[in-house]
Number of protein chains: 2
Amino acid sequence: MTADLAWFDQRASKLRACVDAALTTYATFASGCPAHLAEAIRYSLLAPGKRLRPMLVLLGAEACGGTFEAALPAACAVEMVHAYSLIHDDLPAMDDDDLRRGLPTCHKQFGEATAILAGDALLALAFEVLAKGVRPAETAAACCAALAEAAGACQLVGGQADDLVAGRDGGGLDLLESIHRRKTGAMLLVSLRLGAMTAAADAARTVALERYGHALGLAFQITDDLLDVRGNASEVGKRLGKDQRQGKLTFPGLLGVDESVRRAAALVEEARDALKPLGAQAASLAALARYVLQRNR
Amino acid sequence: MTADLAWFDQRASKLRACVDAALTTYATFASGCPAHLAEAIRYSLLAPGKRLRPMLVLLGAEACGGTFEAALPAACAVEMVHAYSLIHDDLPAMDDDDLRRGLPTCHKQFGEATAILAGDALLALAFEVLAKGVRPAETAAACCAALAEAAGACQLVGGQADDLVAGRDGGGLDLLESIHRRKTGAMLLVSLRLGAMTAAADAARTVALERYGHALGLAFQITDDLLDVRGNASEVGKRLGKDQRQGKLTFPGLLGVDESVRRAAALVEEARDALKPLGAQAASLAALARYVLQRNR
């Protein structure tokens, strides 16, 4: 590990702990609800994870001169949307997965009905946290609008819908990139945008973060596909080799492993380059991009 | 039909047409998403319905001196949440229903995966519409917070979770009323609250609407249970007699039909009584309460 990465790794652990503490507090919001449901919500939301999206919110805010304190509700909201989408994507009628983040998937642990409801509850909770926690109210409303769009039919949900049929219907690089722009890219991008919003960032800084987010999102997805081919299941925490077995459209499948690795590296440099206008405040985001390239889970 | 009800029936038709036109416009928001998903969203959102919740938003606003125009985005948002909850409640893992609003349920028509995703998309869309459509931004943020709470783990989702196990686990009137406060009552109540918010209502008016909403919500649920026992399936638009077959906790099951009818009537009078401080502006809400008592679907 290079010094750059070791430094970021330490910083990321601290940010993760800060996000996990806040998520734990928010999860007790649900304590007045039926016990089985509350348990499923906690189980999925607090399962060990990279917390990449909340980190993008916090570091996006930092890169624009904002504070972690102001950005934390938005950081938790994007993780709630992420946790909800994993629960629903794992369902038998969807990707039918039984392992997630190194644990049995929510429906394996709590049953299908409770898993569907836990996902629904987490999606609603994300908006409750944003609407109540972000200040001033203008920013809260703008954050709700941006997150709803990113989580909606044309982005996150639409990407999952496309992903369910892709491969079966053929399709090439354009379709694959479009799926991932929706399915992964939109949530990474909105994480950076929410960070910028809570920092009251100007248009130039926001555009720089968006350029970074576009490149990072695609790099992230390519490394995700590569992990499915080359990763270690116990490190990655989910079943591997599944894309190939299901004949899914993937970057290594379309471009080969070597070209996928090369492309991910180029995108990470593109992402780092986009941060230049933000100066030293964006140092952590720059390190994070390299971290995405070298991740093993 | 009494003159009072005939007058309300005409008014309700006009309001329904106004809501349906707005919902149709919003449904085209989803036109950039995968075609199959967009079709499922339109199918479920625009299926013929009573539009009770949007009507409560509009008439709640009217009762507080607000305009329909300002309240319409909130009216559409509550119907989106309602449509999403019906789609998910009907899923095989949940209530396993095949008929809804007189049509095949969403998963029967489009498959389970698409139904789950269409529900998810509608929940997100509700917040998008609220956050973008309600003005000023302070009101939009407050509306998002209120709707998220009502749709969340302690209310709508929690009520459905309780409902799935109720009956199987026994339980009496207290449990039944608690389920319905969550499952039906919370969304009826928040509809009135959103109406009041968009009209910038003072505390006294808001409290009057809330008293009305509490009584109306319970009356609505009792008549719903009665329809399951006594209704005509083609009018009601869903399978009947199912509660009893599944051994579900219901008001007629616990109190008998006659006492349920009596109690619903008393609650409707209580609801109408709560409106007195609002004067003539609340005439439509008063008529709506009687309409709920006499509904056949």
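In this predicted model, α4(B) is the element that gives the most to the lining of the largest cavity, supplying four residues. That cavity holds about 140 Å³ of space and is lined by 14 residues. The residues nearest its centre are S44(B), I87(B), D90(B), R100(B) and C106(B). Besides α4 (68-90), the elements of chain B that give two or more residues to this lining are α2 (35-45), β2 (103-104) and α5 (106-110). Sorted by class, the lining has eight nonpolar, three polar and three charged residues.

The largest cavity is one of four cavities of 30 Å³ or more found in a search of the whole structure. The second largest holds about 110 Å³ of space. Of its 13 lining residues, S44(A), I87(A), R100(A), R101(A) and C106(A) are the closest to the centre. Here α2 (35-45), α4 (68-90) and β2 (103-104) of chain A each supply at least two residues, and α4(A) gives the most, with four residues. The class make-up of this second lining is eight nonpolar, two polar and three charged residues.

The next topic is the relation between the two chains. Two copies of a chain are related by a rotation about an axis and a shift along it. In this model, a turn of 180° with a shift of 0.0 Å along the axis lays chain A on chain B with an RMSD of 0.0 Å. This is the relation of a two-fold axis. Within chain A, the residue that comes closest to the rotation axis is A141(A), whose C-alpha lies at 2.4 Å. The copies meet through the same surface, because 100% of the interface residues of chain A are also interface residues in chain B.

Charged pairs come next. Side chains of opposite charge can pair when their charged atoms come close. Over all chains, the count comes to 32 salt bridges. One of them is formed by the side chains of E149(A) and K132(B), at 2.6 Å from N to O. This pair joins two chains, because E149(A) lies in helix α7 (residues 137-151) of chain A and K132(B) in helix α6 (residues 112-133) of chain B. E149(A) is partly exposed, with a relative accessible area of 39%, and K132(B) is also partly exposed, at 35%.

Another salt bridge lies within chain A, where the side chains of E177(A) and R263(A) meet at 3.7 Å, N to O. E177(A) belongs to helix α9 (residues 173-198) and R263(A) to helix α14 (residues 257-274), so the pair ties together parts that are 86 residues apart in sequence. E177(A) counts as buried because its relative accessible area, 18%, is under 20%. Its partner R263(A) has 24% relative accessibility and counts as partly exposed.

Chain B has a salt bridge between R263(B) and E177(B), with the closest N and O atoms 3.7 Å apart. R263(B) lies in helix α14 (residues 257-274) of chain B and E177(B) in helix α9 (residues 173-198) of chain B, so this pair also ties together parts 86 residues apart in sequence. R263(B) is partly exposed, with a relative accessible area of 23%, whereas E177(B), at 18%, counts as buried.

Salt bridges also link D20(A), R51(A), E79(A) and R101(A) in a network. One member of this network, R101(A), is among the residues closest to the centre of the second largest cavity.

Key
Residues numbered from 1 in each chain as written. Chains lettered and ligands numbered in written order. Predicted model: local features only at pLDDT ≥ 70, side-chain atom pairs only at ≥ 80, totals over all residues. Heavy atoms only, no water. 1 Å grid on protein atoms, 1.4 Å probe; cavity = no way out; pocket = protein on both sides within 12 Å on 5 of 7 lines; lining within 4 Å. Points joined across faces, edges and corners; volume = space filled by probe spheres on them. Nonpolar A, V, L, I, M, F, W, Y, C, P; charged D, E, K, R; others polar. Least-squares fit on C-alpha atoms with pLDDT ≥ 70 in both. Contact = heavy atoms within 4.5 Å. Salt bridge = Lys/Arg side-chain N within 4 Å of Asp/Glu carboxyl O. Buried < 20%, exposed > 50% of the residue type's maximum accessible area, 1.4 Å probe, protein only.
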